[in-house]
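Got your viewer ready? Here is a short walk through the model, one selection at a time.

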Amino acid sequence: DIVNTARPDEKAIMTYVSSFYHAFSGAQKAETAANRICKVLAVNQENEHLMEDYEKLASDLLEWIKRTIPWLEDRSPQKTIQEMQQKLEDFRDYRRVHKPPKVQEKCQLEINFNTLQTKLRLSNRPAFMPSEGKMVSDINNGWQHLEQAEKGYEEWLLNEIRRLERLDHLAEKFRQKASIHEAWTEGKEAMLKQKDYETATLSDIKALIRKHEAFESDLAAHQDRVEQIAAIAQELNELDYYDSPSVNARCQKICDQWDVLGSLTHSRREALEKTEKQLETIDELHLEYAKRAAPFNNWMESAMEDLQDMFIVHTIEEIEGLIAAHDQFKSTLPDADKEREAILGIQREAQRIADFNSIKLSGNNPYTSVTPQIINSKWERVQQLVPKRDHALLDEQSKQQSNEHLRRQFASQANIVGPWIQTKME
């Protein structure tokens with residue numbers, strides 16, 4: 001209308017301009033309103049995004065804390081230093097690698113929370129309330145619990161490592177002392193069980209007793225080591241050493257063997273002392289035997305010499321004197337036989353003591369060379385010579401009696417013829 005009109009109406013122009021003005025003015029208000037709505041929506045979306053981020057971060061952080069605290073509160077001791085060292089390395093990795101990002105997450109969470117609350121307050125919006133259990137205070141409480149567990153865990157790890165180091169030291173000390181003791185005891189039982197004293201002489205047995213006394217002193221000196229071994233084993237048990245069963249078994253074996261050695265030592269001393277007394281008794285019997293056997297042997301040798309002695313007599317008186325002396329000798333034979341039995345009884349008693357106590361006597365009587373066999377042999381010889389002497393004396397007596405008769409006959413006839421011859425001569 002305006003373009004096709006040569007001179008537009010002023011009022012129409014004013015009306016059009018006014019319409020344009022009103023139209024454009026309304027559009028601007030709508031755009032402003034829209035912009036404002038967009039801003040509000042953007043702020044709300046950002047706030048919701050911050051809320052979602054907070055919830056997710058809080059959930060992840062609380063879940064990590066929940067997983068980590070049981071690990072830090074686990075106080076299950078390990079058996080070896082290597083295993084505990086690995087635990088310590090894991091803990092150091094946690095402190096060095098795993099925890100720092102979580103510290104940053106916690107800080108970021110608090111920053112996001114404060115930023116969100118500030119924005120909500122500036123927008124006249126109600127304050128943000130996280131889900132139950134995801135408050136900043138809940139996170140702080142969980143974090144404090146985490147750090148307390150962390151502090152106690154590190155202290156426990158170091159104490160455990162020190163304990164295991166002491167246990168290793170004690171265990172090594174136990175093994176060294178046990179090895180030394182076991183090396184010392186090797187062969188001792190066999191030595192204490194041997195019965196060398198059964199074939200020993202009195203001088204040998206005294207030497208064995210002196211040797212045994214030296215061993216007893218050595219045994220007493222080792223008592224301290226056995227007590228130390230038992231004390232170390234006890235300490236290892238109290239400190240909960242992982243290999244306590246084998247330590248206890250080895251310690252028990254050592255203690256049992258020690259008791260056996262003590263018992264065998266006591267038994268051997270008793271056996272040696274008993275054998276010494278028995279050998280002393282046997283030695284005294286041997287000495288008594290020697291003291292009595294020597295004169296008796298000399299008597300038998302003299303008797304045999306006398307019984308075999310040649311005799312020359314010329315009268316009945318002489319032979320009767322020899323017979324009387326021989327009868328006197330024969331009267332002493334019962335007492336001599338008793339002495340012989342007594343001497344042999346001494347030897348038998350010595351042998352009986354030896355046999356009863358399983359003592360093997362070595363060699364003959366050290367105090368004499370006169371054996372029971374020699375005594376019996378010479379006694380049998382005496383017994384054989386006595387009747388021979390009887391016969392010889394009786395034969396000589398008969399001979400002298402016959403001679404006496406002939407002398408008497410000669411004398412009788414000579415006494416007759418003698419005076420007759422004398423008379424004739426005169």
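Before you click anything, keep in mind that this is a predicted model.

**Stop 1: T68**

Start by selecting helix α1, residues 10-73, and pick out T68 within it. Is T68 buried or exposed? It counts as buried because its relative accessible area is 7%, and the cut-off for buried is under 20%. Now show the side chain of T68: it reaches the backbone oxygen of W64 at 2.6 Å. Next, look for partners further off along the chain. Setting aside neighbours within four places in sequence, T68 is in contact with Y94 and L146.

**Stop 2: L146 and the largest nonpolar core**

Hop across to L146. Again leaving out neighbours within four places in sequence, L146 is in contact with W64, I65, T68, I69, L72 and Y94. So which residues touch the most other members of the largest nonpolar core? They are L146, F174 and L236, in a core of 35 residues. To see where this core comes from, colour α1, α2 (81-122), α3 (136-185), α5 (202-238) and α6 (244-307), each of which supplies at least two of its residues. The biggest giver is α3, with 15 residues. Try colouring by domain as well: at least three residues of this core come from each of domain 1 (14-153) and domain 2 (169-278). As a general point, nonpolar side chains tend to be buried together in soluble globular proteins.

There is also a second, separate core, made of 33 residues. Select Y197, L285, I375 and V382, which are among them.

**Stop 3: along α5**

Go back to α5 and look at it from the side. This helix has 37 residues and reaches 53 Å from its first C-alpha to its last, close to the 54 Å expected at 1.5 Å a residue. Where is the kink in α5 centred? Zoom in on H222, where the kink is about 25°. Then step just past the end of α5 to D240, which takes a positive phi of about 60°.

**Stop 4: K277 on α6**

Now select K277, in helix α6. With a relative accessible area of 59%, K277 is exposed. Use the distance tool from K277 to V247: these two are 30 residues apart in sequence, and their C-alpha atoms are 45 Å apart in space.

**Stop 5: Q308**

Carry on to the loop between α6 and α7 (316-331), where you will find Q308. How does Q308 count at 44% relative accessibility? It is partly exposed. Draw a line from the C-alpha of Q308 to that of L261, and you get 66 Å for two residues 47 apart along the chain. Show what surrounds Q308, too: beyond its neighbours within four places in sequence, Q308 is in contact with R381, L385 and R389.

**Stop 6: V370 and α9**

Move on to V370, in the loop between α8 (333-356) and α9. V370 is buried, with a relative accessible area of 10%. Which residues is V370 in contact with, leaving aside neighbours within four places in sequence? Light up Y289, A293, N297 and I375. That last one, I375, is a residue you have already selected in the second core.

Finish on α9 itself, residues 372-425. At 1.5 Å a residue its 54 residues should span 80 Å, and the end C-alpha atoms are 75 Å apart, which agrees. Follow α9 along to A414, where it bends by about 30°. Then look back to V370: V370 and A414 are 44 residues apart in sequence and 60 Å apart in space, C-alpha to C-alpha.

How values were computed:
Residues are numbered from 1 along each chain as its sequence is written. This is a predicted model: local features need pLDDT of at least 70, side-chain atom pairs count only at pLDDT 80 or more; totals for chains, interfaces and linings use all residues. Side-chain values use heavy atoms; hydrogens and water are left out. Helices (H or I, at least four residues) and strands (E, at least two) are DSSP runs, numbered from the N terminus. Buried means under 20% relative accessible area, exposed over 50%, partly exposed in between (1.4 Å probe, protein chains only). A polar contact is a pair of N or O atoms within 3.5 Å; within protein, one must be able to donate a hydrogen and the other to accept it, and residues adjacent in sequence count only if both atoms are side-chain atoms. Contact means heavy atoms within 4.5 Å. The expected span of a helix is 1.5 Å times one less than its number of residues. The bend at a residue is the angle between axes fitted to the seven residues ending there and the seven starting there. A nonpolar core is a set of buried Ala, Val, Leu, Ile, Met, Phe, Trp, Tyr and Cys residues joined through side-chain atoms within 4.5 Å. Domain bounds come from an automatic or database domain assignment.
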